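User: I'm new to reading protein models, and I'd like some help. Could you walk me through a few features step by step?

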Amino acid sequence: MSDTVTGAARTAPQAGGRGVNPDGSAPGYAPGRTLPLRVEFVRQLRRRRTAVLFGLLLALPWILVVAFEIGVRTGRPGGSLRISDLATEGGLNFAAFSLSVSANFLLAVAVAVFCGDTVASEAGWSSLRYLLAAPIPRDRLLRQKLVVALGYSTAAVVCLPVMALLAGTLAFGWNDVRVPGTGEVIPALDVLPRFAVVVGYVLVSQLVVAALAFLLSVGTDSPLGAVGGAVGLVIVSTILQAVDALGSLREFLPTFWNTAWLDALASEPDFSGMIKGVAVAVTYSVLLIAFAFRRFRRRDVVA
Amino acid sequence: MRFRGRAAAWVAAAVVLVLGAVTWLVWPSESRVRVLEQAITVVDGPADDQRVTLDTSFFPPADGGRAPAVLLAHGFGGSKQSVRDAAERLAREGYAVLTWSARGFGRSTGQIALNSPDYEVKDVRQLVDWLAGRPEVLLDGSGDPRVGIAGGSYGGAVALMTAAHDDRIDAIVPQITWYDLADALFPDAGGKGPGNGVFKRMWAGLFFSRGGAPAAGGGIASLTGAVPGAVPTGAGDGAGSTPGGAGGSTAPGRTPTAEEVRCGRFLPEICDMYQEVAETGRATPEAVETLRRSSPVSVQGRIRIPTLLIQGRRDSLFPLEHADANARAIAATGAPVGVAWFDGGHDGGDGEVDRLHEQTLAWFDHYLKGAGGAGRPAEVAAFTVTRDGGRDPGTRRQVQLHATADAYPGLSGSSRTAVALEGAEQPVAGPPGGSPASISSLPGFGALAGQGGLSLSVDMAGQSASFESAPLAAPLQVTGSSTVRVRVRVLSGGSAGSGGADGPRDAGEGSGDSRGSGGARDVTLFAKLYDTAEGTAAPILPEGLVAPVRLTVPEGAEAAEAVVRLPAIDHRFEAGHRLRVTFTTTDLAYDSPDAPAVYAVSLASPELTAPVHAALRTPATGPAWWTWALPLAAVVAAAALVLAGRRRPADEHVPELDAVPLRIEGLTKAYRNGERAVDDLSFTVERGQVLGLLGPNGAGKTTTMRMMMGLIRPDAGQIRIFGHRVVPGAPVLSRLGSFVEGAGFLPHLSGRANLELYWKATGRPAADAHLEEALEIAGLGGALERAVRTYSQGMRQRLAIAQAMLGLPDLLVLDEPTNGLDPPQIREMREVLIRYAARGRTVIVSSHLLAEVEQTCSHVVVMHRGRLVTAGPVSELLSGDRVRSGGTGARLEDVFLDLIGEKA
């Protein structure tokens with residue numbers, strides 16, 4: 001093996017000043033070309049947790065379909081108008097139900113995993129130091145990782161309702177939407193664009209979880225800690241939400257507006273809650289992400 | 001130092017936080033309001049000869065001094081305790097507040113006279129006298145305090161009645177109260193007055209029973225707690241539940257007398273009157289006279305002070321018509337009048353406690369304290385209607401919007417819209433005995449209907465006739481009483497027409513009459529205005545209100561007609577919805593005829609006239625200010641966070657050092673605890689050298705290497721690689737290959753994929769990687785395609801060194817590279833490194849295998865406890881005069897031990 005190395009050395013540009021860039025970097029190196037998104041995407045793609053999470057998200061609608069098929073219908077149809085009772089009305093109703101049962105926790109966990117694990121796991125594997133010494137500028141590394149993590153999160157949040165729509169349509173048919181509570185019926189085609197808004201809103205509302213997980217990820221070597229911390233926030237916030245005494249202060253809890261998207265599926269959609277939810281989510285996540293960048297830039301990487 | 005500073009900062013922050021929290025928790029939330037409980041004896045009665053002791057509470061103004069006074073009256077069946085919270089609230093706002101249990105209620109003595117001018121009004125006037133003697137009360141003149149009265153229901157009526165009989169009263173806020181008690185109990189939507197009215201049997205029964213025998217529990221709170229602004233709901237203190245009370249109150253453990261059971265604490269005249277009308281279901285002229293003596297209708301034109309009339313939209317006992325009549329009567333005197341229809345009333349609803357308090361306060365602040373000068377108070381509109389704003393998206397609670405207008409138009413609206421109704425003449429049956437009865441609302445159990453406007457309304461089959469409009473093309477906001485002209489024919493049966501109150505009507509007698517032919521016939525109908533939508537939704541009966549009407553078909557005539565004023569509502573009929581007018585022959589809450597009958601009901605003119613008040617508008621509310629301000633502020637703060645402290649140091653390139661692979665000057669790095677890992681380290685590595693970095697564990701070798709990679713920042717000193725200063729992410733690091741403190745691979749990927757992806761992550765051309773050569777060094781063979789997690793320590797080590805050599809960097813830094821390698825591999829590695837350096841590249845190796853360094857390295861740097869011990873060519877070190885321990889020969893190990901032993 002020694003021969004090859006020597007041979008290679010002979011053909012390579014001679015060390016020491018020749019052929020290097022003005023900033024002292026090796027030929028072909030440019031900070032802006034380091035860690036392309038495609039590379040980071042591939043690095044994360046073949047991880048087991050990615051496969052497990054997506055498998056779970058894609059399987060859940062089918063599990064629910066089976067559950068509804070097995071379950072014995074009690075009570076007369078139309079007697080109760082809860083969202084769970086209307087799930088079998090059609091594909092869109094089913095998708096709304098699937099989203100409502102998963103948005104609070106399952107999707108939050110998925111997002112927390114994708115965003116909380118991304119830097120912490122590199123630190124845990126010790127690969128972070130080699131990426132930084134490659135060198136990938138710290139801000140760029142964080143940016144690329146954030147973009148890819150958010151991309152995976154988006155895919156997770158989108159794939160569940162889409163699969164639920166597919167499963168629900170196959171199982172219960174492409175029917176008009178019955179609104180929970182009032183029992184009104186809205187044509188399916190009218191609801192479809194609103195459904196897109198709903199998915200978009202759920203995405204934005206999970207941004208806080210993503211940002212917190214990312215901030216924790218930057219500060220720890222333990223992916224579990226980052227994910228757990230972000231999920232812990234969801235739990236604490238949900239608990240605080242139940243304290244009525246907090247009054248309107250609760251509106252500023254990061255999870256408070258998580259169910260506001262239900263208003264978009266009413267016969268007369270009300271977007272005011274969603275607007276507030278977006279405002280709160282953007283506020284928290286922008287700040288948390290800024291802290292993440294600031295922290296990572298100053299941090300001594302010892303892992 | 002640094003550590004201690006940080007700890008101190010954290011401790012300080014924690015202390016401040018805890019102190020803040022404790023202060024916040026311990027801080028007295030509200031000043032306590034003092035209260036003076038006192039029995040005040042008054043003299044009343046027609047001849048001013050009855051002594052009554054009133055149980056009162058006086059709340060001096062919280063901030064001292066002389067302040068305007070407010071008399072706070074309680075609702076029917078309540079006591080002074082019912083209004084205690086409201087009284088304390090007003091006292092805190094700087095009013096002297098007096099509450100009392102009216103005669104016949106609570107611990108006060110006397111009997112209930114229904115706000116008679118001879119009894120209750122005289123009592124209140126003497127309370128005003130008492131107030132005039134208090135040093136806390138502001139006086140307008142001798143014996144004339146500055147005083148307002150507020151109260152709900154029974155208490156609202158006494159406010160109105162006292163205002164008419166005592167000109168010392170300066171402002172009043174009567175709530176959910178009556179204008180004409182006779183009309184409230186015997187309403188007739190045909191406009192023929194209480195004499196022709198339909199008995200409101202259920203409400204009347206509840207009303208009179210509350211002043212009677214002991215109530216069983218607090219099941220029916222809507223009378224006592226009717227005015228949430230002044231009377232907290234549920235705080236009703238039933239008259240009979242107060243032990244020791246005089247009058248008709250029954251002490252526990254004692255069997256009440258027959259008279260007590262019959263009349264409770266009512267004045268016998270009132271009691272007799274009620275028993276008579278309740279039995280017949282018709283108001284006698286004497287009863288109307290008695291009830292009207294207790295009603296503002298009898299004092300028209302005598303209330304000339306600012307009056308804020310707050311009436312409930314959900315009130316089938318004292319509907320909005322009463323506030324309307326009061327408003328017209330008072331406004332006619334030129335006094336300022338405000339009218340507010342709120343979400344509440346005797347049938348439940350939200351109550352809007354805080355809103356009513358604010359409005360009451362604003363009214364009194366303006367007219368009693370004189371704040372805000374002339375004109376009307378800015379906070380109270382001439383006409384306010386609480387409308388449903390849907391659910392708050394956050395709390396999921398009902399939201400109230402307040403539509404306001406500068407003028408109160410009355411129940412006919414400022415304009416009228418005609419809506420065409422369709423429907424042929426329909427036969428309806430009056431069931432014998434009036435049962436089963438249709439349902440509009442359940443008096444006393446308004447809470448059952450809930451806040452969501454759940455419609456209880458049920459129309460019995462065969463007993464109703466409906467007339468419906470076409471779907472509305474545009475939304476219609478009805479504010480007031482719609483009217484419709486109805487025509488009725490008697491097909492069979494029916495009650496004997498009375499044409500007025502002509503004494504007791506016996507049900508059996510009426511039934512007998514109905515068999516006969518001829519004679520006038522009475523027809524009782526209940527008119528409802530429904531909002532119906534297409535599809536499955538049930539029709540909505542706004543506020544559960546119904547308008548009873550009694551028509552008389554004269555003898556010989558075929559039919560009777562009447563203009564029916566439908567219940568006063570504020571309701572928005574959405575586009576696409578229909579208006580439906582329904583006439584039923586029965587209603588659970590009212591007295592329905594016992595005689596079976598069949599009528600034919602039709603519309604005399606096929607339209608409904610709906611009142612509209614377009615000026616009544618809800619102030620437009622955009623999204624809350626923070627929905628845009630908060631994200632904006634966050635973005636600015638985030639930008640500041642990211643940009644602040646972002647130093648882009650100039651490259652500080654020193655061209656003279658272009659050919660020097662590594663120069664370290666004064667490098668220092670301390671741990672958190674202040675101990676120095678690297679202390680003032682300086683050395684230079686020239687091209688072509690294989691430098692050994694030697695030192696025992698903890699000497700600072702690895703820390704130094706981390707600083708070379710830009711992973712950690714030195715506290716002082718600098719590192720230059722080829723003349724470029726090393727900072728995190730410095731481009732010059734692309735000419736550095738490194739392997740420090742173990743391998744770092746993605747365990748789920750194969751060795752080859754790891755190396756390929758690593759090189760792609762550097763963004764450099766694939767051809768520059770020399771991947772195959774590096775892989776050859778790793779010598780992993782087929783294992784290359786396996787996931788790294790299956791590798792042994794040695795395999796990872798070799799793969800990591802191969803990764804460090806990717807791109808054949810000009811400076812290679814390896815930390816303990818031979819760890820985990822077997823002897824042949826070690827030998828090969830040694831040769832690789834020597835050859836690598838032979839071509840003008842530079843290798844820095846740290847190792848604890850001294851013999852290994854001795855054989856591989858040309859130069860050596862010895863470190864101990866972060867400091868440089870010695871540096872120089874290995875050969876020089878071995879032959880130099882530093883070797884003092886004779887006899888053992890020139891081995892690096894000896895030199896090393898000697899060096900550090902000396903330092904230690």
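**Strands, helices and a contact**

Analyst: Sure! This is a predicted model. Let's begin with a strand pair: in chain B, strand β11 (residues 383–391) runs antiparallel to β12(B), and seven bridges join the two. For one position in that pair, look at B:T384, which sits opposite B:T404 in β12(B).

User: What order do the strands take in the open sheet of chain B?

Analyst: To read a sheet, walk across it from strand to strand. Here you'd pass ten strands in chain B, in the order β1-β2-β4-β3-β7-β8-β9-β10-β11-β12, and the pairing is mixed.

User: Which strands stand at the edges?

Analyst: Those are β1 (36–44) and β12 (398–405) of chain B; each has a single partner strand, so one of its sides has no neighbour in the sheet. As for twist, neighbouring strands of this sheet are turned by 20 degrees against each other on average, ignoring direction.

User: Which strands does helix α2 of chain B lie across?

Analyst: Helix α2 (residues 84–92) of chain B lies across β2 (50–59), β3 (69–73) and β4 (96–100) of that chain, and runs at about 165 degrees to β4(B).

User: Is B:G205 buried or exposed, and why?

Analyst: For that, you count neighbours. B:G205 has 15 C-beta neighbours inside 10 Å, so it counts as partly exposed. You'll find B:G205 in helix α6 (residues 201–210) of chain B. Sequence distance is another thing to check: B:G205 and B:G444 are 239 residues apart along the chain, while their C-alpha atoms are separated by 10 Å.

User: How many residues does each chain bring to the contact?

Analyst: A general idea to start: interface size is often quoted as the accessible area lost when the parts come together. Here we can count residues instead: chain B brings 76 and chain A brings 71. On the chain B side, the elements that each supply at least two residues are α14 (626–643), β28 (736–739), α16 (751–762), α17 (771–778) and α19 (823–838). The most comes from α14(B), with ten residues. Sorted by class, that side of chain B has 38 nonpolar, 22 polar and 16 charged residues.

User: And where does UniProt place the transmembrane regions of chain A?

Analyst: Its unreviewed entry puts them at residues 51–72, 92–115, 146–174, 194–216, 223–243 and 271–293. Let's check two against the model. Residues 92–115 of chain A are 92% helix and 0% strand, with end C-alpha atoms 29 Å apart. For residues 194–216 of chain A, it's 96% helix and 0% strand, and the end C-alpha atoms lie 34 Å apart.

Terms used:
Residues numbered from 1 in each chain as written. Chains lettered and ligands numbered in written order. Predicted model: local features only at pLDDT ≥ 70, side-chain atom pairs only at ≥ 80, totals over all residues. UniProt positions renumbered as here; feature names shortened; annotations may be inferred. Helix = DSSP H or I, 4+ residues; strand = E, 2+ residues; numbered from the N terminus. Buried ≥ 20, exposed ≤ 12 C-beta atoms within 10 Å, placed from the backbone. Contact = placed C-beta atoms within 7 Å. Nonpolar A, V, L, I, M, F, W, Y, C, P; charged D, E, K, R; others polar. Pairing = 2+ DSSP bridges. Axes fitted to C-alpha atoms, helices over the stretch in contact; angles between N-to-C directions.
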